[in-house]
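Dear colleague,

I am handing over the structure we spoke about, which you will find just below. My notes on what was found in it follow, and I would be glad if you read them with the model open beside you.

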Amino acid sequence: IAAFFLCMVVPILAVRLQRTQRINELVRQLPDALDMMARGLKVGHPLQASLLSVANEMPDPIGTEFGLVVDQVAFGDELVEAFNEFADRLNQEDVHYLATAIAIQHGTGGDLARVLSVLSKVIRERLTMRRKVRAVSAEGRLSAAILSVVPVIIFVGLNVMSPSYYGDIADEPLAKPLVFAVIGLVVLNALILRRLVAVRY
């Protein structure tokens with residue numbers, strides 16, 4: 001069981017954690033990238049040149065992702081299609097806004113530099129609001145984590161300090177059903193508390 005957990009579960013959790021960290025970092029860098037694109041457009045550079053400057057000058061991961069968009073366009077894909085694939089890859093609301101803005105500008109024209117500047121400001125304000133929400137909800141999330149872990153700590157502590165506390169009733173007919181019931185209630189408690197303190201932002 002331990003080998004299965006180490007070989008199958010831990011790598012998946014590690015990859016998911018790295019993916020989440022990468023996406024969060026990219027979203028944090030996105031307003032700076034949009035500002036750079038807007039400045040390039042305002043001084044007369046074409047959109048693809050502005051994208052290339054972001055790909056070359058911004059650090060990973062935003063630079064790498066914009067580099068993929070530039071490469072797709074260079075190999076013949078439509079700019080709108082490349083941005084839609086970029087948005088689908090990350091599946092982040094802010095990136096979908098960017099792809100939509102590019103698609104609208106590509107189809108109807110307009111002042112894309114102003115749109116990118118406004119979008120950059122909106123994303124920055126959303127990031128600030130997310131940090132405020134996390135700070136306000138931190139106490140509730142910590143309380144939920146503690147209340148979820150306390151039953152496990154009590155069980156382990158009693159087994160260590162007094163092994164006979166549960167050992168004397170282990171052979172009783174109702175012991176196993178009660179154990180499964182307690183485990184189910186503990187898990188249900190953790191899920192309900194997680195749902196109560198989960199704030200979508």
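**Loops and backbone**

Pro 61 is found in the loop between α2 and α3, and please keep in mind throughout that this is a predicted model. The peptide bond that joins Asp 60 to Pro 61 is cis, with an omega of about 10°. A second backbone point concerns Asn 91, which sits in the loop between α4 and α5 and has a phi near 55°, a positive value in a residue other than glycine. Both points may deserve a look, because most residues other than glycine have a negative phi and most peptide bonds are trans. Asn 91 counts as exposed, because its relative accessible area is 55% and the cut-off for that class is over 50%.

**The nonpolar core**

The largest nonpolar core has 34 residues, and those with the most contacts inside it are Leu 51, Phe 66, Phe 83, Phe 86 and Leu 98. Two or more residues of this core come from each of α1 (2-42), α2 (47-57), α3 (62-74), α4, α5 (93-108) and α6 (112-161). Of these elements, α1 gives the most, with 9 residues.

Turning to a single position in α5, Ile 102 lies in that helix and counts as buried, because its relative accessibility is 0%. The C-alpha atoms of Ile 102 and Leu 52 are separated by 15 Å, the two residues being 50 apart along the chain.

**Salt bridges**

The structure holds 9 salt bridges, and I describe some of them here. Within helix α1, Glu 25 and Arg 28 are 3 residues apart, about one turn of the helix, and they form a salt bridge in which the closest N and O atoms are 2.4 Å apart. Glu 25 is partly exposed, with a relative accessible area of 27%, and Arg 28 is likewise partly exposed, at 46%.

Another salt bridge is made by the side chains of Asp 32 and Arg 124, at 2.5 Å from N to O. This pair links distant parts of the chain, since Asp 32 is in helix α1 and Arg 124 in helix α6, 92 residues apart. Asp 32 counts as partly exposed at 37% relative accessibility, and so does Arg 124 at 33%.

Are the partners in the salt bridge between Arg 130 and Asp 94 buried or exposed? Arg 130 is buried, with a relative accessible area of 17%, and Asp 94 is buried as well, at 2%. The closest N and O atoms of Arg 130 and Asp 94 are 3.6 Å apart. Because Arg 130 lies in helix α6 and Asp 94 in helix α5, the pair ties together parts that are 36 residues apart in sequence.

There is also a network of salt bridges that links Arg 22, Asp 60, Glu 65 and Arg 89. Asp 60 thus appears twice in these notes, as a member of this network and as the residue joined to Pro 61 by the cis peptide bond.

**A charged patch on the surface**

On the surface, Glu 78, Glu 81, Glu 85 and Asp 88 gather in a patch of negative charge. One of them, Glu 81, lies in helix α4 (residues 79-90) and counts as partly exposed, because its relative accessibility is 37%.

With best wishes

Note on methods: Residues numbered from 1 in each chain as written. Predicted model: local features only at pLDDT ≥ 70, side-chain atom pairs only at ≥ 80, totals over all residues. Heavy atoms only, no water. Patch = residues over 30% accessible without salt bridge, like charges linked within 9 Å, V, L, I, M, F, W, Y side chains within 5 Å. Areas by Shrake-Rupley, 256 points an atom, 1.4 Å probe, with all protein chains shown as cover. Salt bridge = Lys/Arg side-chain N within 4 Å of Asp/Glu carboxyl O. Lys, Arg positive; Asp, Glu negative; His and termini not counted. Charge placed at Lys NZ, Arg CZ, Asp CG, Glu CD. Helix = DSSP H or I, 4+ residues; strand = E, 2+ residues; numbered from the N terminus. Buried < 20%, exposed > 50% of the residue type's maximum accessible area, 1.4 Å probe, protein only. Core = buried A, V, L, I, M, F, W, Y, C linked by side-chain atoms within 4.5 Å.
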